[in-house]
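Here's a quick tour of one chain, from a strand pair out to the whole fold. Have a look at the model first, then read on.

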Amino acid sequence: MEEFSVTPWEVRGRVDYERLIQIFGTQRITEELVKKVEEIAGESHVMLRRGIFFSHRDLDLVLKDYAEGRGFFLYTGRGPSGPMHIGHMIPFLFTKWLQDKFRVNVYIMITDDEKFLDEPNMSLEEARRWAYENALDIIAAGFDPERTFIFFDTEYIGKLYPMALKVAKRINLNTVRAVFGFTGETNIGLTFYPALQIVPTFFERRRCLIPAAIDQDPYWRVQRDLAESMGYYKAAAIHSRFLPPLTGEGKMSTSKPESAIFLHDSPKEVRLKIMKYAFSGGQPTVELHRKLGGNPDVDVSFQWLKIYFEPDDAKLAKIEEDYRSGRMLTGELKEYLIERLNSFLEQHRERRERARELIRLFMYEGELARQMWSDYKP
Ligand code: TYM
């Protein structure tokens, strides 16, 4: 038995990412691959060079397709279970960067159906309301409305259904039981749902690259087993680690508000949560801390700075050194993070307000949105 587990529905324990590469059968992202991406992009991305995106499937083939002019497209998504926390933004921020650098189409699936089926207390109306609210947060990441199509499953199902059927016919119950852990108690909606999450990987007749945290990989495994028999490419994926919860282990969860910073948290709430809950690698007293130093490797505030919130390598290195040596106290480290978080969130909220006017472009009237309604014939 592993002391941790990662499934699309739950992340438990302290995740051993190296071990996960073996368990899931994915590939580690090598230095060489990072360099190749950066060469084409003409820029380095913090989440790549710091190994936040650490694992992949067929990323090398995606780059080859790109270099040889076949191109590729991006697909990612969100299950609208409630308000979004900053962990959920990780794949979207990175996808936006890829879109900018490679100038490719992005499809974003919002699975109001999945969350209705999966959450015992969620009504369908509520899931749809969260789908809209979450779409605003996603747009705030800065996607290009001409190359991005965002859709809600319950609204777009007519277009998705024919392909979902073709996929569903190729997946049997034993497979979804083994891959997703479904049991005799699982409702039948959920057992069908994986077919739907696979459909957008077939939106274009070229390779699809999926940026997401590694919890979503089981879907791509199933996709890769059937794609070629349907005349399509196996999906490629690039997997991120999880932004750890404030409390340290597992993943940040909407159902545990003390574990997460939400995109709507006020500056005051951010301060309170970080001060009260952010797991610290510091010593119990100032004297001991000055003498022994802190441990940035387990310190959640430091980890958050490393994953995204302090992109400047020199500044991060200085913080690490000061913290390890005891020059920097836990309180000071937390203050630093609070400041960075609040400035990110303030900017996010402004962009989110503007998204209210843009949303129709992403869902119905932008170039890619219009094309999808008329051209996609499975
Ligand atoms: P959901 O809503 O659980 O998660 C949305 C995206 O955020 C990633 N994620 C995280 N990333 C970093 N740190 C965390 N703590 C963290 N928690 C979640 C997830 O991996 C995901 O990329 N079934 C999906 C919706 C979906 C989808 C997709 C996701 C449909 N199609 C294609 C990715 C790609 C879901 O419920 O995601």
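## Ground rules

Two strands count as paired if DSSP finds at least two bridges between them. Helices (H or I, at least four residues) and strands (E, at least two) are DSSP runs, numbered from the N terminus. This is a predicted model, with local features needing pLDDT of at least 70 and side-chain atom pairs counting only at pLDDT 80 or more, while totals for chains, interfaces and linings use all residues. Residues are numbered from 1 along each chain as its sequence is written, and side-chain values use heavy atoms, leaving out hydrogens and water.

## Strands 6 and 7

Strand 6 (residues 106-110) runs parallel to strand 7, and five bridges join them. In this pairing, V106 sits opposite T148 of strand 7.

How enclosed is strand 7 (residues 148-152)? Five of its five residues are buried (under 20% relative accessible area, 1.4 Å probe, protein chains only), so strand 7 is largely enclosed by the rest of the structure. T148, I150 and F152 point one way, F149 and F151 the other, and all are buried.

## The whole chain

The chain has 17 helices and nine strands. Of its 378 residues, 54% are buried. For contacts (heavy atoms within 4.5 Å) with a separation of 6 or more, 77% come from residues 24 or more positions apart.

The C-alpha atoms fill a box of roughly 65 × 50 × 50 Å along the principal axes. About 17100 Å² is exposed (Shrake-Rupley method, 1.4 Å probe), and carbon and sulfur atoms supply 51% of that.

Methods
Buried < 20%, exposed > 50% of the residue type's maximum accessible area, 1.4 Å probe, protein only.
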